[in-house]
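Hi,

Here's the structure I promised to pass along. Have a look when you get a minute, and my notes on it are just underneath.

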Amino acid sequence: MMFSSVRDSGANTTSGYFLNGTGYENVAVLAISGFAPQGNVGAVEYLTNFQSTVGSFLAQSKAAGKTRLVIDLQANGGGFVVAGYELFAQVRMLDPSFDV
């Protein structure tokens with residue numbers, strides 16, 4: 001069972017949720033279907049929203065006691081390289097406490 005926690009506000013590429021069930025109580029999932037906006041969302045708006053969405057989800061995950069993070073990129077077709085760097089920076093450099 002999943003509980004939605006965070007979703008971006010327009011690009012429809014980034015969402016985060018918590019798993020619930022025996023053995024999954026400490027698992028958070030960050031799903032990123034693309035590192036670029038879909039539709040008519042501009043690059044600056046997308047990157048600003050991406051950074052905010054990832055940061056908000058990581059903070060909520062930490063506050064909820066999650067210690068394991070799954071980054072789901074299975075539907076990700078690529079996009080802005082800087083978005084991938086931003087994800088790495090937030091997950092590994094700013095908050096290295098997650099078991100990724």
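Strands β3 (residues 27-32) and β4 (residues 68-72) run parallel and are joined by five bridges. Keep in mind that this is a predicted model. If you want a spot to start looking at that pairing, L30 sits opposite I71 in β4. To get from β3 to β4, the chain passes through helix α1 (residues 43-63), and the resulting β-α-β crossover is right-handed.

Next, have a look at N76, which you'll find in the loop between β4 and α2 (81-94). What does the side chain of N76 have within reach? One of its polar atoms lies 3.1 Å from the backbone oxygen of I32, and there is also a polar side-chain atom of N76 lying 2.7 Å from the backbone nitrogen of G78. I32 belongs to the stretch given for β3, residues 27-32, so to speak the strand we began with. Setting aside neighbours within four places in sequence, the contacts of N76 are I32, S33, G34 and F35.

Last stop is A43, back in helix α1. Is A43 buried or exposed? Neither, as it happens: A43 has a relative accessible area of 35%, so it counts as partly exposed, because that label covers whatever falls between under 20% (buried) and over 50% (exposed). A43 also pairs up with a residue from elsewhere in the sequence for a distance check: A11 is 32 residues away along the chain, and the two C-alpha atoms are 9.9 Å apart in space.

Shout if anything here is unclear.

Cheers

Terms used: Residues are numbered from 1 along each chain as its sequence is written. This is a predicted model: local features need pLDDT of at least 70, side-chain atom pairs count only at pLDDT 80 or more; totals for chains, interfaces and linings use all residues. Side-chain values use heavy atoms; hydrogens and water are left out. Two strands pair if DSSP finds at least two bridges between them. Helices (H or I, at least four residues) and strands (E, at least two) are DSSP runs, numbered from the N terminus. A crossover is right-handed if, with the strands pointing away from the viewer, the path from the first strand over the helix to the second runs clockwise. A polar contact is a pair of N or O atoms within 3.5 Å; within protein, one must be able to donate a hydrogen and the other to accept it, and residues adjacent in sequence count only if both atoms are side-chain atoms. Contact means heavy atoms within 4.5 Å. Buried means under 20% relative accessible area, exposed over 50%, partly exposed in between (1.4 Å probe, protein chains only).
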